[in-house]
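Trainee: I would like to go through the labels used for this model and ask what each one rests on.

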Amino acid sequence: MSTATRRTAGVNPGDELDVREVHLDDPLVRPLLEDLAHEYATRYSDQLTEDELLREMSEYPAEDFAAPHGRLLLVLAAGVPVAGGAYRRRTEPELGDLARSAHPEAARTEDGSPAVPTAELKRIWTHNAHRRRGLARLVLTELERRAGQNGYERIYLTTGPRQPEAAGLYLSAGYAPLYDPAVQAERPGPLAFEKWLCPR
């Protein structure tokens, strides 16, 4: 069931976009998951197949991306999903160099799990026919706003080393890399980022 619809002016003149909270089981979410799986399979074809990636994206229960701890947003244009993203409460140990954190003393516990309420961004997606229109930034802004309203002090995310556009988006949106960007090409694993919403 879809909830919390929010109208916003479109990124192109005359466009009207509908930012909508949905459940992971909503049929409108399927294009997001399938398109992400195809995109990742194209970039990481030597590691996982498209079907394996689609299954991997279903590893988190739907409840993780629903109230009270998470949200899943879609941006609709004329009722068709064109972008989306989600957050969940992060409780597991995190990747990345803690020394690069803006607040290393407050960021994590000894086992690497978040020491403050942390929202983990997942499934950030823009339909390939609608890129370079500011939709990904709109999704980020909405997720950050709602995470802040939900009491999260910090946001954490990872992206793949073969997704320079995603890394560029997060850097330009104020996310701090928990790795050295100068040597990122030499790092085979995921690239971690954080952003503090309410620094202590």
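The exchange below takes some labels in turn.

Mentor: This is a predicted model, in which local features need pLDDT of at least 70, side-chain atom pairs count only at pLDDT 80 or more, and totals for chains, interfaces and linings use all residues. Residues are numbered from 1 along each chain as its sequence is written, and side-chain values use heavy atoms, with hydrogens and water left out.

Trainee: Why is Ala78 called exposed?

Mentor: Exposed means over 50% relative accessible area, buried under 20%, and partly exposed in between (1.4 Å probe, protein chains only). Ala78 has a relative accessible area of 82%, so Ala78 is exposed.

Trainee: What makes Glu52 buried, exposed or partly exposed?

Mentor: The relative accessible area of Glu52 is 32%, therefore Glu52 is partly exposed.

Trainee: How do you know that Arg132 counts as exposed?

Mentor: Arg132 has 86% relative accessibility, so Arg132 counts as exposed.

Trainee: What is notable about the phi of Arg132?

Mentor: Phi of Arg132 is near 65 degrees, a positive value in a residue other than glycine. Ala78 also has a positive phi, near 55 degrees. Most residues other than glycine have a negative phi, and most peptide bonds are trans.

Trainee: Which residues does the cis peptide bond join?

Mentor: The bond joins Ala67 and Pro68, with omega about 15 degrees.

Trainee: What share of the contacts with a separation of 6 or more comes from residues 24 or more positions apart?

Mentor: Such residues account for 64% of those contacts, where contact means heavy atoms within 4.5 Å.
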